[in-house]
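Q: I would like to go through this model before setting up any calculations. Could we take the strands and then the pocket?

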Amino acid sequence: MAESPAKALRRILASPGVHLGPSCFDALSAKLVERAGFDYCFTSGFSISAARLCLPDVALISFGEMMDQGRQIIQAVSIPIIADGDNGYGNAMNVKRTIREAIRAGYAGIFLEDQVSPKACGHTRGRKVVPRDEAVMRIKAAIDARKESGSDIVIVARTDSRQAISFEESLWRSQAFADVGADVLLIDALASREQMKAFCEIAPSVPKMANLLEGGGKTPILNPSELEDVGFKIAAYPLSLMGVSMRAMQNALTGLKRGQIPSHGTIPSFEEIKEIVGFNSYYEEEKRYATSSDKVSSQNGTFSLGKE
């Protein structure tokens with residue numbers, strides 16, 4: 001029997017070292033993550049909102065749109081995917097539905113935050129969090145929904161209270177999340193290596209996640225060995241794929257406006273593109289269902305199975 005996505009993710013969490021996870025935003029970016037050899041992947045609400053709607057990550061994208069994007073991502077790859085569950089889209093009862101739908105979609109894990117609605121994007125201004133008891137009840141509701149569904153989806157409990165209130169408050173909330181059964185803890189926008197170290201020292205049996213916002217975030221970008229030394233188990237890179245994609249498209253468009261196509265080395269060959277999106281696999285599978293008329297047509301030059 002095939003290993004479930006959640007079980008695969010739990011195996012990663014239990015294995016030695018720190019495990020790096022890029023954030024994808026669609027099926028193609030997820031496929032590229034998998035082909036690059038990563039063991040798992042995050043989804044990025046920031047990047048999905050940008051790619052799907054070209055809107056900022058301020059709760060303008062809906063629960064249904066996020067789940068739809070997630071299903072497409074999950075169907076494209078075999079590695080476990082961790083969902084960006086935002087603030088669960090409401091109160092504890094909304095959180096329970098969010099967890100049930102994430103399980104149905106096939107997510108291996110999901111992280112939930114303690115922001116108010118509408119939420120703000122991580123590492124940006126204007127973040128506010130719900131009171132302590134409501135924040136803890138959201139995580140408890142997520143754990144209950146998992147149990148009721150007979151699932152082992154990994155619950156990543158995130159607090160944004162470091163920016164909204166204080167670092168001490170974020171430590172208190174993280175400990176409280178661990179106490180009600182969170183599988184992984186995340187304090188967003190930690191501002192120094194010292195804060196990162198102090199965070200990793202609480203609830204020592206619960207794995208810690210680092211959210212390393214590239215290009216100007218508040219958290220220091222430590223290398224993998226430094227992350228492991230501090231005590232992190234997993235690390236997300238939320239904007240690398242979206243950021244380089246945007247810059248590459250801008251550069252290509254600048255050239256095309258002058259009548260210049262992208263230079264060799266900056267664009268995959270057509271054969272590479274076809275391989276990535278699955279043409280070759282499709283052609284091989286198509287051969288299994290070839291009929292005698294297909295073969296005759298191929299011999300007459302009117303049809304060529306698996307060729308252009």
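A: Certainly; a definition comes first: two strands are taken to pair if DSSP finds at least two bridges between them. Please keep in mind that this is a predicted model.

Q: Fine. Which residue in β4 is the bridge partner of Ala 83?
A: The partner of Ala 83 in β4 is Ile 110. Strand β3 (residues 81-84) pairs with β4 in the parallel sense, over three bridges.

Q: What makes up the β-α-β unit with β3 and β4?
A: Helix α5 (residues 92-105) joins β3 and β4 in that unit, which is right-handed.

Q: And how do the residues of β4 point?
A: Gly 109 and Phe 111 point one way from β4 (residues 109-112), while Ile 110 and Leu 112 point the other way. All four are buried. In a regular strand, side chains alternate between the two faces of the sheet.

Q: What about β5: how many bridges does β4 share with it?
A: Strand β5 (residues 154-159) and β4 pair in the parallel sense over four bridges. Phe 111 stands opposite Val 156 of β5.

Q: There is an arginine in β5, Arg 158. Buried or exposed?
A: Arg 158 counts as buried because its relative accessible area is 5%, and the cut-off for buried is under 20%.

Q: Which side chain does Arg 158 contact?
A: The side chains of Arg 158 and Asp 188 are joined by a polar contact of 3.4 Å.

Q: Moving on to β8. How is it paired with β1?
A: Strand β1 (residues 19-24) runs parallel to β8, and four bridges join the two. Pro 22 has Tyr 237 as its bridge partner in β8.

Q: And with β7?
A: Strand β7 (residues 209-211) is also parallel to β8, with three bridges. Asn 211 stands opposite Ala 236. From β7 the chain crosses through helix α10 (residues 224-230) to β8 in a right-handed β-α-β crossover.

Q: Now the largest pocket. How much space lies in it?
A: About 790 Å³. Its lining has 27 residues, and Ser 245, Ala 248, Thr 266, Ile 267 and Pro 268 lie nearest the centre.

Q: Which elements give two or more residues to that lining?
A: These are α2 (27-35), α11 (240-257) and α12 (270-277). The largest share, eight residues, comes from α11.

Q: What is the split by residue character, nonpolar, polar and charged?
A: The lining of the largest pocket holds 19 nonpolar residues, seven polar and one charged.

Terms used: Residues are numbered from 1 along each chain as its sequence is written. This is a predicted model: local features need pLDDT of at least 70, side-chain atom pairs count only at pLDDT 80 or more; totals for chains, interfaces and linings use all residues. Side-chain values use heavy atoms; hydrogens and water are left out. Buried means under 20% relative accessible area, exposed over 50%, partly exposed in between (1.4 Å probe, protein chains only). A crossover is right-handed if, with the strands pointing away from the viewer, the path from the first strand over the helix to the second runs clockwise. On a 1 Å grid over the protein atoms alone, a cavity is a set of points where a 1.4 Å probe fits but cannot get out, and a pocket is an open set with protein on both sides within 12 Å along at least five of seven lines; lining residues have an atom within 4 Å of a point. Grid points are joined across faces, edges and corners, and a volume is the space filled by probe spheres set on the points. Ala, Val, Leu, Ile, Met, Phe, Trp, Tyr, Cys and Pro count as nonpolar, Asp, Glu, Lys and Arg as charged, and the others, Gly among them, as polar. A polar contact is a pair of N or O atoms within 3.5 Å; within protein, one must be able to donate a hydrogen and the other to accept it, and residues adjacent in sequence count only if both atoms are side-chain atoms.
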